[in-house]
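Visitor: Could you take me through this structure? I should like to begin with the side chains and then turn to the pockets.

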Amino acid sequence: FTNKYWTLIMLFFFIFQFVGAMQNFSMAYYCNYILGTYQDGFTQSVLGIVTGIPYAAAVLFVWPLTNKFGIKNSIFYGLIISAAGCFIAFINPYSWVMVVIGLILKCLGAAPAAYVIYALIADVLDHVEAKNGFRCDGLSVSVSGIIMSILQSLCQGIFNGMLNATGYVAPTIDPVTGNVVAYTQNAATNNVFIWCYIGFMMIGYAVCALLIIPIDVEKHME
């Protein structure tokens, strides 16, 4: 913990995974109540494609970018693009055009962080060894694993708590027809869907971009 690079990279990892988990938990609700209609069979599929293709395509350019500009710079500028994309979607979260454009930019920009963050962590571990004469790979892998495990329950609890606090009305089954009846949510609950799916990620990526600035461990690699 006395190594600033290690502390910053673990905090970066926590925030990056936190906003991603919040988006995952809120995606179905966002599609059902904000961008589309309840279980329309279309909205969530399209958003899955919109967010999946850019990540897949990014495999082709992430490593050439990091080789040319460095891991830190690629992650930093990518996160700036991602935060800008989230902002575009956040301006009008009910607009298909704004949301699709924003999500494509978000995914393309986040790709460097998603793909090469472990390479940067490896550089940090090399720095710890060079400075202190020992490695902390086991501890670091354990911490990152704990973060991934805890965040699933933590984010689900936070999300459900926000729904309960704002008066979310869950769908019910019509006793006569047996069909699912979805209710219109109040403005506060709709804001929870929007913030958890887009807003938190916009802020989180901007914070991660700031956190990555002091992590100049690559210049010490010699």
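Guide: A definition comes first: a residue is buried under 20% relative accessible area, exposed over 50%, and partly exposed in between. Please keep in mind that this is a predicted model.

Visitor: Understood. Is Arg135 buried, exposed or partly exposed?
Guide: Arg135 has a relative accessibility of 36%, so the residue counts as partly exposed.

Visitor: How many salt bridges are there?
Guide: The count is three. In one of them, Asp126 pairs with Arg135 at 3.0 Å from N to O. Glu129 also forms a salt bridge with Arg135, and the closest N and O atoms there are 2.7 Å apart. Asp137 meets the side chain of Arg135 as well, with an N to O distance of 2.8 Å. Through shared partners, these salt bridges join Asp126, Glu129, Arg135 and Asp137 into one network.

Visitor: And the acidic partners, why do they count as partly exposed?
Guide: Asp126 counts as partly exposed because its relative accessible area is 31%. Glu129 falls into that class at 35%, and Asp137 does so at 29%.

Visitor: Let us move to His127. Where does it sit?
Guide: His127 belongs to helix 4, which covers residues 96-132. Its relative accessibility is 12%, so His127 counts as buried.

Visitor: What is His127 in contact with, leaving aside neighbours within four places in sequence?
Guide: On that basis, His127 contacts Asn3, Tyr5, Val217 and His220.

Visitor: Now the pockets. How much space lies in the largest pocket?
Guide: The largest pocket holds about 380 Å³. It is lined by 20 residues, of which Gly20, Asn24, Tyr55, Met201 and Tyr205 are the closest to its centre.

Visitor: Which elements give two or more residues to that lining?
Guide: They are helix 1 (4-35), helix 2 (43-69), helix 4, helix 5 (137-166) and helix 6 (187-212). Helix 1 gives the largest share, seven residues. By residue class, the lining of the largest pocket has 13 nonpolar, six polar and one charged.

Visitor: What about the second largest pocket: what is its volume?
Guide: The second largest pocket has about 180 Å³ of space. Among the residues that line this pocket are Phe61, Phe69, Tyr77, Leu108 and Pro112.

Visitor: Which helix supplies the largest share there?
Guide: Helix 3 does, with five residues. At least two residues each come from helix 2, helix 3 (71-91) and helix 4. The lining of the second largest pocket divides into seven nonpolar residues, four polar and no charged.

Terms used:
Residues numbered from 1 in each chain as written. Predicted model: local features only at pLDDT ≥ 70, side-chain atom pairs only at ≥ 80, totals over all residues. Heavy atoms only, no water. Salt bridge = Lys/Arg side-chain N within 4 Å of Asp/Glu carboxyl O. Buried < 20%, exposed > 50% of the residue type's maximum accessible area, 1.4 Å probe, protein only. Helix = DSSP H or I, 4+ residues; strand = E, 2+ residues; numbered from the N terminus. Contact = heavy atoms within 4.5 Å. 1 Å grid on protein atoms, 1.4 Å probe; cavity = no way out; pocket = protein on both sides within 12 Å on 5 of 7 lines; lining within 4 Å. Points joined across faces, edges and corners; volume = space filled by probe spheres on them. Nonpolar A, V, L, I, M, F, W, Y, C, P; charged D, E, K, R; others polar.
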